[in-house]
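Colleague: Before I learn these terms by heart, could we go through the model together and ask what stands behind each one?

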Amino acid sequence: MACSYRFLDAISNPNYRKAIMPIEPTLMELKGVGFTYPTGLTPALANVDLAIYEGEFVGLIGPTGSGKSTLVQLLNGLLQPTEGIVLYRNRPIGREISGVELRREVGVVFQFPETQLFEPTVFDDVAFGPKNLGLSRREIERRVFKALEAVGLGFEEFAHRSPFSLSGGEMRRAAIAGVLAMEPKMLVLDEPTCGLDARGRNELLEMLATLNSAGLTVILVTHNMDEVARLAMRLVVLDDGRIVLDGPPATVFSQADRITEMGLDLPATSVLLRRLRERGIEVPTELFEISSTCEAIVDALRRRA
Amino acid sequence: MIEFSGVKFWYGERHSERLALAGMDLRVEEGEFVAFVGPNGSGKSTLARHINGLLSAKEGRVEVDGLNPADPSDVWKVRELVGMVFQNPDNQIVATIVEEDIAFGPENLGLPGDEIRRRVDQALASVRMERYARSEPHLLSGGQKQRVAIAGTLAMRPKYLLLDEPTSMLDPAGRREVRETLDHLNKTEGVTVLLITHFVDEAVMADRTVVLVDGRITLDGPPREVFDDLDVLKKIGLDAPLPRLLAGDLAEAGVISDRPILTIDDLVEACLNQKLETRD
């Protein structure tokens with residue numbers, strides 16, 4: 001094939017087509033969760049029931065102000081729900097597991113994490129968390145090595161450089177390595193590709209797919225529908241503080257009207273396929289990979305000919 | 001007209017440092033809609049900062065309507081000509097009421113009250129935010145806030161609007177709103193738009209796309225030409241528009257002819273025409 005832009009196809013999660021079967025143990029569970037900020041008139045989140053299973057790759061999407069950031073902060077115990085309960089491996093957060101303990105299990109990468117790099121070397125920055133756990137020097141080195149390799153920053157090449165000598169994409173991955181060095185079971189990322197160029201974005205997404213295949217549970221908060229459509233096995237859609245859709249990307253994006261009404265987009269492939277269908281070319285509409293989209297169009301056009 | 005002639009810039013002390021701008025020649029005429037794209041570190045923001053005098057060329061020269069943005073006696077005139085909008089709308093809004101925020105600039109110019117009123121109303125209308133004149137900015141959506149930030153700039157009556165990734169922190173609806181606003185300002189109100197972006201859909205909506213790599217312009221032309229050669233784009237590390245990507249594969253499969261394709265409309269037409277050609 002002429003086109004070599006198959007990057008996201010190639011890294012698409014191998015579990016993508018596996019239907020979501022709750023056979024894996026539940027990692028986190030929210031039961032009847034609501035949250036109202038002290039100054040808020042209306043709840044930021046209301047009646048949220050959500051179970052995250054081990055090894056899942058969940059895309060969390062929703063318009064600005066829909067409650068995504070609040071949910072992220074509930075997932076790692078930075079906020080306590082004002083209604084309902086959050087459980088980590090069946091242990092209620094705040095009662096059987098403390099916020100500090102929870103944050104070792106659930107790593108959060110906030111927006112523009114590279115602004116929090118501060119140590120003289122990449123090594124020191126990534127080692128910062130493990131050092132605070134009081135681990136042995138050997139264990140710290142092992143973790144830093146592993147975390148840097150995981151984000152694709154070779155230890156030899158990068159560990160002793162200043163974080164500020166790195167490119168934007170590298171700085172962001174160094175910051176993520178700092179979170180991975182805590183060896184969390186679940187990684188939550190808030191708009192991790194914002195501001196990155198195409199290459200940096202693709203490298204970062206590839207890294208997430210690899211980490212997930214190795215068993216890490218990943219929650220990706222994003223406004224980029226193409227990213228989650230290809231990578232996540234499940235999408236959770238928030239609107240106005242409530243979960244309004246929850247299912248595989250194909251199911252969620254088949255509700256096209258609902259998605260666009262709440263101010264979200266369809267993935268670019270879906271937009272294109274729908275337009276073709278409107279003009280009488282019989283293609284399926286819920287395909288998100290360039291290769292499958294291409295095949296579907298070829299099939300449809302050959303049938304017409 | 002904005003003109004760069006042989007502009008070189010490097011951060012730090014010495015010429016031996018990597019060049020952020022490595023001999024930039026560029027001319028933007030009034031009324032154009034130009035998108036600047038390129039990898040992180042290619043010099044896009046450095047270029048923007050030369051236009052409004054935040055940085056000054058170490059070699060070569062920059063002119064905005066004949067004025068030198070690096071000259072302290074010209075810089076304020078240049079900043080009236082060139083309005084800037086940044087990534088994060090929250091950092092650009094200063095007042096607690098939308099119309100007061102938009103009035104902030106004209107007030108600082110010392111304009112009379114009725115002129116300020118007129119400018120605020122016009123700026124709000126230009127970004128279609130009239131209904132929110134008395135709203136509190138923090139209650140607005142991201143796209144609305146960014147439109148307020150744009151209106152605040154418009155109230156200064158700039159000839160050029162220079163935006164540095166104005167949609168990257170917005171949700172899809174916010175992106176659409178800002179894109180439509182920019183299109184309207186350029187096509188209907190004649191504002192010259194210079195848009196720095198990582199989004200290929202935004203580069204495609206411009207009349208002209210300038211691709212920067214390592215502080216140099218490597219491609220410059222209508223998006224239809226700039227996004228045509230997939231091999232070149234890949235080498236640079238730029239995304240190509242989805243319809244262009246698919247067109248290559250569909251042509252190779254022999255179901256459409258390999259005509260230049262940039263937009264969804266182009267691709268849909270190509271698919272429909274193919275049917276006719278096959279029938280003939």
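Modeller: Let us begin with a pair of strands, bearing in mind that this is a predicted model. In chain A, strand 1 and strand 4 (residues 83-88) run antiparallel and are joined by 5 bridges.

Colleague: What makes strand 1 and strand 4 of chain A count as paired?

Modeller: Pairing asks for at least two bridges between the strands, and 5 bridges are found here, so strand 1 and strand 4 of chain A pair by that rule. On its other listed pairing, strand 1 (residues 26-35) is joined by 6 bridges to strand 2 (residues 45-53) of chain A, and these two also run antiparallel. A:Glu29 shows both pairings, since A:Ala51 stands opposite A:Glu29 in strand 2, while A:Leu87 is the bridge partner of A:Glu29 in strand 4.

Colleague: Why is A:Asn47 called exposed?

Modeller: The word is used for a relative accessible area over 50%, and A:Asn47 has 57%, so A:Asn47 is exposed. This residue, which is placed in strand 2 of chain A, also has a phi near 50°, a positive value in a residue other than glycine.

Colleague: And B:Glu165, is that residue buried or exposed?

Modeller: B:Glu165 has a phi near 50° as well, again a positive value in a residue other than glycine, but its relative accessibility is 12%, and because buried means under 20%, B:Glu165 counts as buried. Its place is the loop between strand 6 (160-164) and helix 6 of chain B.

Colleague: How do you know that B:Arg117 and B:Glu99 form a salt bridge?

Modeller: The rule asks for a side-chain nitrogen of Lys or Arg within 4 Å of a carboxyl oxygen of Asp or Glu, and the N to O distance between B:Arg117 and B:Glu99 is 2.9 Å, so the pair meets the rule. Because B:Arg117 lies in helix 4 of chain B and B:Glu99 in helix 3 (residues 98-108) of chain B, the pair ties together parts that are 18 residues apart in sequence. B:Glu99 also forms a salt bridge with B:Arg134, with the closest N and O atoms 2.7 Å apart. Since B:Arg134 lies in the loop between helix 4 and helix 5 (142-154) of chain B, this second pair ties together parts that are 35 residues apart in sequence.

Colleague: Why are B:Glu99, B:Arg117 and B:Arg134 described with three separate words for accessibility?

Modeller: The cut-offs are under 20% for buried and over 50% for exposed, with partly exposed in between. B:Glu99 has 12% and is therefore buried, B:Arg117 has 39% and is therefore partly exposed, and B:Arg134 has 56% and is therefore exposed.

Colleague: What makes B:Asp239 and A:Arg201 a salt bridge between chains?

Modeller: Their side chains meet at 2.1 Å, N to O, which is within the 4 Å that the rule allows, so B:Asp239 and A:Arg201 qualify. Across the interface of chain A and chain B the rule finds 4 salt bridges, and 11 residue pairs are in polar contact there. On the side of chain A that touches chain B, helix 13 of chain A gives the most, with 8 residues.

Colleague: How many residues does each chain bring to the contact?

Modeller: Chain A brings 40 residues and chain B brings 42 residues, and the area buried between the two chains is about 3700 Å², of which carbon and sulfur atoms give 61%.

Terms used: Residues numbered from 1 in each chain as written. Chains lettered and ligands numbered in written order. Predicted model: local features only at pLDDT ≥ 70, side-chain atom pairs only at ≥ 80, totals over all residues. Heavy atoms only, no water. Helix = DSSP H or I, 4+ residues; strand = E, 2+ residues; numbered from the N terminus. Contact = heavy atoms within 4.5 Å. Buried area = accessible area lost by both parts, 1.4 Å probe. Polar contact = N/O pair within 3.5 Å; in protein donor to acceptor, adjacent residues only side chain to side chain. Buried < 20%, exposed > 50% of the residue type's maximum accessible area, 1.4 Å probe, protein only.
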